[in-house]
Amino acid sequence: MIGFAGSVALAGRTVLHDVRFQAGPGELVAVVGPNGAGKSTLLRGLAGLLPGGRADPVRVAWLPQGARCAWGMSVAEVVALGRVPHGDDGGGAVEDAIAACGLVALRGERIDRLSGGQQRRVMLARVLAGAPSVLLLDEPAADLDPAAAHEVMALLRARAEAGACVVAVLHDIGLALHHVTRMVVVEGGWIVADGVPGEVLPAAAAAFGLPYGLSDRPGLLPP
Amino acid sequence: MRIVLALAVLALAVLGLLTGSAGLGLADAGVLWELRAPRVALAALVGGALGLSGAVLQGALRNPLADPALLGIGGAAGVGAVAAFYWGLGIVAVPLAGLLGAGAGCALLFALAGRTLSATALVLAGVAIAAIASALQVLALSLAPNPYALAEATFWLMGGLADRAPLHVWMAAPPILLGGALLLRLGRRLDALALGEEVAASLGVPVSRTLALAASGVALSVGAATSVGGGIGFVGLVVPHLLRPVLGERPSALLGASALGGAALLLAADWVARVAPLVLPLSQEPPLGVLTALLGAPFLVRIARRVAA
């Protein structure tokens with residue numbers, strides 16, 4: 001279970017207005033909304049990274065937008081950093097995470113020699129290596145090709161079905177609709193809708209000013 | 001690799017003990033233990049302190065250009081030492097005054113950097129202290145009461161380990177070893193900091209405390225190193241870069257090796273400084289700080305070209 005309630009002001013500007021959000025085990029929640037709506041701040045709040053916040057690093061893992069590694073460390077070394085909260089080498093957890101993210105062939109490569117999408121998968125593997133029960137992911141599918149994006153979402157769905165709580169900021173509404181169990185729409189610092197993806201879709205459409213809708217036509221999505 | 005470096009340190013130390021102002025050869029016990037041994041021990045201690053501090057600072061600040069001089073502590077130690085020359089205090093007072101200067105510089109560093117430390121705050125405060133220290137050094141030099149004090153202080157600032165007594169070793173060793181022990185324990189936290197301060201915090205790393213420990217360890221060891229050795233540059237900057245192609249870039253993998261590598265590099269440079277007047281038409285030893293800069297700068301050029309490529 002993870003939750004955040006309250007308002008957040010950063011540098012004198014209110015970024016979140018009296019939001020109330022909770023998610024529990026088994027949920028895969030998509031947080032959607034326009035740029036600057038407050039999605040990343042909500043995730044930081046859940047991760048205990050806002051002033052006065054706290055979270056248990058063994059239980060809660062956070063993946064920021066545009067995560068980078070300052071040094072040319074190997075893929076395996078970066079993924080192993082997910083074990084820092086545990087203070088161990090994780091036994092097989094690191095290798096499992098590397099395999100789950102399709103990085104086995106790259107495990108010895110320097111992370112700064114990889115493509116943007118490959119680096120993104122390394123950062124996700126770092127989160128998985130800690131075996132957290134709460135995963136807070138800011139755009140886990142950014143920079144990924146469509147197939148890889150669906151693979152990552154399927155992986156997250158499997159984690160949720162296994163009892164984890166996954167909250168992910170997503171920009172691809174189609175991807176979110178296909179995989180998540182719950183959708184939260186954030187706009188202008190307010191949570192304007194929260195519920196089953198299909199029901200929340202009109203609110204998302206309004207937030208973006210785009211004509212989103214569900215179609216009966218055969219989709220392009222894999223099952 | 002660490003074993004290779006340790007053997008190199010050992011071999012260079014033995015070479016240093018066997019080399020005197022008259023060339024190679026064993027000396028009587030007095031010369032060996034009163035003159036050569038302190039010099040060899042100081043080269044290893046000072047080089048180790050600089051190499052380790054450079055590796056820790058580069059990791060903590062996530063900046064390949066970070067150098068122990070960046071925090072201004074060496075400069076502050078220099079102010080203390082130059083002040084000792086200014087007032088004509090004895091040669092023993094110089095390292096003591098250097099340690100006092102380093103302590104004051106460290107206190108000022110933390111006062112300027114604020115309660116919650118970040119890499120940016122630490123670097124900005126360090127640059128300010130380095131600028132203040134350099135201005136105070138120049139002030140003391142320009143107001144020197146006599147040409148001897150000016151010459152002594154100027155020569156000291158160029159860095160060197162000639163004519164050091166066992167007392168210098170006993171003064172420098174405790175802070176250098178204490179600071180080193182502090183720094184060597186930060187490895188895993190520095191690895192986590194490679195992902196940024198926020199991610200490190202989310203992994204449970206106390207970021208502000210880690211930066212404070214890094215700055216304290218660097219202040220202790222570099223303050224003491226500068227107090228006995230003067231301004232010796234480039235060792236802390238270059239050594240981690242020399243080791244990365246061999247050991248990889250994970251910060252924790254570089255700490256112990258950089259301490260050994262720094263010790264080996266400074267032992268070698270000091271040996272070159274001692275031998276130079278024997279083979280070159282020099283009236284006296286070239287300053288050690290000048291040698292490390294001359295040896296270090298070309299390496300830096302090579303590193304810059306490789307990173308840019």
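Two residues are in contact here if their C-beta atoms, placed from the backbone, lie within 7 Å. With that in hand, let us walk through this predicted model, starting where its two chains meet. At the interface, 16 residues of chain A are in contact with 17 residues of chain B. On the chain A side, the touching residues comprise 13 nonpolar, two polar and one charged.

Now take each chain as a whole. Chain A holds seven helices and eight strands, while chain B has 13 helices and two strands. Chain A has a radius of gyration of 17 Å, and a compact globule of 223 residues would come out near 17 Å, so the two agree. The C-alpha trace of chain A spans about 50 × 45 × 30 Å along its principal axes. Chain B follows its own rule in a similar way: 309 residues would give a compact globule a radius near 19 Å, and chain B has 19 Å, which agrees. For the C-alpha atoms of chain B, the box along the principal axes is roughly 60 × 45 × 35 Å.

Burial and contacts add to this picture. In chain A, 46% of the 223 residues count as buried, and in chain B, 52% of the 309 residues do. Among contacts in chain A between residues at least 6 apart in sequence, 63% join residues at least 24 apart. For chain B, residues 24 or more positions apart account for 77% of the contacts with a separation of 6 or more.

Let us step inside chain A and look at its sheet. Six strands form an open sheet with mixed pairing, in the order β4-β5-β6-β3-β7-β8. At the edges sit β4 (60-63) and β8 (190-195) of chain A, each pairing on one side only. On average, neighbouring strands of this sheet are turned by 15° against each other, direction ignored.

Strand β5(A) is a good place to pause. All five of its five residues are buried. In a regular strand, side chains alternate between the two faces of the sheet. Here both faces are covered: V134(A), L136(A) and D138(A) are buried on one side, and L135(A) and L137(A) are buried on the other. Looking towards the edge, β5(A) pairs with β4(A) in the parallel sense over four bridges, and A61(A) stands opposite L135(A). Looking the other way, β5 (residues 134-138) and β6 (residues 165-169) of chain A run parallel and are joined by five bridges. Within that pairing, L136(A) has V167(A) as its bridge partner, and L137(A) stands opposite A168(A). The chain travels from β5(A) through α5(A) to β6(A), making a right-handed β-α-β crossover.

That connecting helix, α5 (residues 146-161) of chain A, lies across β3 (28-32), β5 and β6, and runs at about 150° to β6(A). Helix α7 (residues 197-208) of chain A also packs on the sheet, where it touches β3, β7 (182-187) and β8, with its direction making about 20° with that of β7(A).

One more helix deserves a visit before we leave chain A. Helix α1 (residues 39-46) of chain A is mostly covered, with seven of its eight residues buried. Among the buried residues of α1(A) are K39(A) and R44(A), together with L42(A), L43(A) and L46(A). Just after α1(A), G48(A) takes a positive phi of about 75°.

How values were computed: Residues numbered from 1 in each chain as written. Chains lettered and ligands numbered in written order. Predicted model: local features only at pLDDT ≥ 70, side-chain atom pairs only at ≥ 80, totals over all residues. Buried ≥ 20, exposed ≤ 12 C-beta atoms within 10 Å, placed from the backbone. Nonpolar A, V, L, I, M, F, W, Y, C, P; charged D, E, K, R; others polar. Rg over C-alpha atoms; globule rule 2.2 N^0.38 Å. Pairing = 2+ DSSP bridges. Axes fitted to C-alpha atoms, helices over the stretch in contact; angles between N-to-C directions. Right-handed = clockwise from strand over helix to strand, strands pointing away.
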